[in-house]
Amino acid sequence: MIERVIVRTGTYHDSAFLMRVARELARRPGIGEATVLMGTPMNRELLAGAGFAAAALAPATPMDMIVALRATAEALATAEAELDVLLEGESAPPAAGAAPRDRSLPEALAAHPQVTLVSVAVPGPYAAFTAQRALDAGRHIFLFSNNVPLAEELALKRRAVGEGLLVMGPDCGTAIIAGVGLGFANRVPRGPVGLVGASGTGIQEVSCQLAHLGCGVSQAIGTGSRDLTADVNGLMTELGARVLADDPATTVIALIAKHPAEAVARRMHEVLRGLGKPVVVRYLGKPAPPSEGPVRYAVDLDDAARQAAALARGAAPPAPGAAPGIAMRAAAILGGRARLGGRLCGLFGGGSLAAEAALILAGRGVRTTEPDRPLATRGPLEGEGHLIVDTGEDFYTVGKPHPMVDQTVRCALLTKTAADPAVDLVLLDLVLGDGSHQNPAPELAAALAAGRAARGAAPLVVLASVTGTDADPQNAARQCALLAEAGVEVTRSATEAAHLAAALLAGAKGGAQ
């Protein structure tokens, strides 16, 4: 393979578009690796650390696009032409009769004065400036950009709170506003449950479980990953909850987030108590504290959805616990064995779902660890014991699309893991929706088949949850069917998959592993 760095000066695109270009280039014959990033100092440093020539990267500015390739000589000879084809649709002039594209935020706001929300997906160093201009215009903000300095996030949110405006982010991956999904979101029905929180996949999972329960979502307000830290103190979580409390279409509020700083959790509890509406809270990856008054703490994401749906119907929330039939299904899979004796490897695309799985497994005495460095994509599975792997961790996604968009790394790890005879159980999640991979199941099935072929006759159990609805572009029922055809045990939720994995590993009596 030969390396080449292509710098397109004055060519800015948001991260979602760059991911698509990288994915399409990587599919071309002869291209072994394709990384497409804006030329920020951090991105140039990351590419240099990955072995690309620093001298070739040095001229790029944050408003220049860098395409870093490892490919055969034949593929490199046509790479720039392939890039032109991929960029042509984005840069082509409007079709005859079509409205011209807005080239700046002021132009867009002037052309569309009825718009009340601005989506910002520019490089982190410029995101706060753009967001401040949106606040100047009195608009709410969906701030997809990451790498925004903490001081700038605080300034944005303090100003927004004072003006009654939402700043969803930075690093906000999911929201549903007035029925429209932003970032990564699923197509779920409108309904009485309002969601707020700092967990994209957690919000997606709960919104889909609500849909499966026949309940809908009024709004889903993302807050950004740092909102419940001690530094930010839940500024946007509080405002989002108060917005939902004032919304006549919302009768129940659900807060879904990574576990906050303890002082922030105590403050948020008092805020939620005073909203005047029932609230269900799930802080991910941690045991649930006792419920109190109108604030109910769920033990897992399924429990959060069930409680919220019941409250929306005016019914008593059900008791928490694994879905019925788990023990019987585990017994059928085990086929007479007391339990699986080999290793578990969970390969997750959603970090929140990975943390929840680890907690559920631990509750049944199945101890897991999460590697603090990337696993190799070939060879036997590293280390000892059971592993929960978040393939969306930064060290897997440096210069690469998230696994919800591009499954290359996760599929390689799936083949490697399935081929290892020491592994008896593989646990997967599959998160669908707008923004995600358009047809992920066949790729996972092919990776699994390759691993099983290398494994030989040793049995292997593969469990997968599917987060999505049949209205999603990928069609959840179709994805489930494709996985089942590949010999995968498909569950209705990520929580159910983790409980089933625990039953298989710990045995019916729940002994320690």
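Colleague: Which residues line the largest cavity?

Modeller: In this predicted model, the lining of the largest cavity is made of Gly 349, Pro 403, Met 404, Gln 407, Arg 410, Asp 429, Leu 430, Val 431, Ser 436, His 437 and Pro 440. Strand 17 (residues 423-431) supplies the largest share, three residues.

Colleague: What makes this a cavity, and how many are there of 30 Å³ or more?

Modeller: A cavity is a set of points where a 1.4 Å probe fits but cannot get out. The count is one cavity of 30 Å³ or more, and the volume of the largest is about 70 Å³.

Colleague: How is the lining of the largest cavity divided by class?

Modeller: Five residues are nonpolar, four are polar and two are charged. Arg and Asp count as charged, so Arg 410 and Asp 429 are the two charged ones. Gly counts as polar, so Gly 349 belongs with the polar residues.

Colleague: Why is Thr 40 called buried?

Modeller: Its relative accessibility is 9%, and buried means under 20%, so Thr 40 qualifies. Thr 40 sits in the loop between strand 2 (31-38) and helix 2 (41-49). Setting aside neighbours within four places in sequence, Thr 40 is in contact with Thr 61, Pro 62 and Pro 123.

Colleague: Which residues touch the most other members of the largest nonpolar core?

Modeller: They are Leu 195, Leu 210, Leu 272, Tyr 283, Leu 425 and Leu 504, in a core of 102 residues. Helix 18 (residues 494-506) gives the most to this core, 10 residues. Not counting residues up to four places away in sequence, Leu 504 touches Ala 330, Ile 333, Leu 334, Arg 339, Leu 340, Leu 425, Val 461 and Leu 463. Another core, of 28 residues, lies apart from the largest one, and its members include Leu 387, Leu 430, Val 488 and Val 490.

Colleague: What is the general tendency of nonpolar side chains in soluble globular proteins?

Modeller: In such proteins, nonpolar side chains tend to be buried together.

Colleague: How many aromatic pairs are there, and why is the pair of Phe 142 and Phe 144 called tilted?

Modeller: There are three aromatic pairs. The ring centres of Phe 142 and Phe 144 are 6.4 Å apart, and the limit for a pair is 6.5 Å. Their planes stand at 35°; under 30 degrees would be stacked and over 60 edge-to-face, so the pair is tilted. Both Phe 142 and Phe 144 are buried.

Colleague: What makes Tyr 283 and Tyr 297 a tilted pair?

Modeller: The centres are 6.4 Å apart and the planes 45° apart, so the pair meets the 6.5 Å limit and falls between the 30 and 60 degree marks. Tyr 283 is in strand 12 (residues 279-284) and Tyr 297 in strand 13 (residues 295-297), with 14 residues separating the two. Tyr 283 is at 6% relative accessibility and Tyr 297 at 9%, so each counts as buried.

Colleague: Why is Asn 233 called partly exposed?

Modeller: Its relative accessibility is 30%. Buried ends at 20% and exposed begins over 50%, so Asn 233 falls in between. Asn 233 also has a positive phi, about 65°, although it is not a glycine. Its place is the loop between strand 10 (217-222) and helix 9 (235-245).

Colleague: What joins Gly 169 and Pro 170?

Modeller: A cis peptide bond, with omega about 5°. Pro 170 is in the loop between strand 6 (167-168) and strand 7 (174-177).

Terms used: Residues numbered from 1 in each chain as written. Predicted model: local features only at pLDDT ≥ 70, side-chain atom pairs only at ≥ 80, totals over all residues. Heavy atoms only, no water. 1 Å grid on protein atoms, 1.4 Å probe; cavity = no way out; pocket = protein on both sides within 12 Å on 5 of 7 lines; lining within 4 Å. Points joined across faces, edges and corners; volume = space filled by probe spheres on them. Helix = DSSP H or I, 4+ residues; strand = E, 2+ residues; numbered from the N terminus. Buried < 20%, exposed > 50% of the residue type's maximum accessible area, 1.4 Å probe, protein only. Contact = heavy atoms within 4.5 Å. Core = buried A, V, L, I, M, F, W, Y, C linked by side-chain atoms within 4.5 Å. Phe/Tyr/Trp six-rings, centres within 6.5 Å; stacked < 30°, edge-to-face > 60°.
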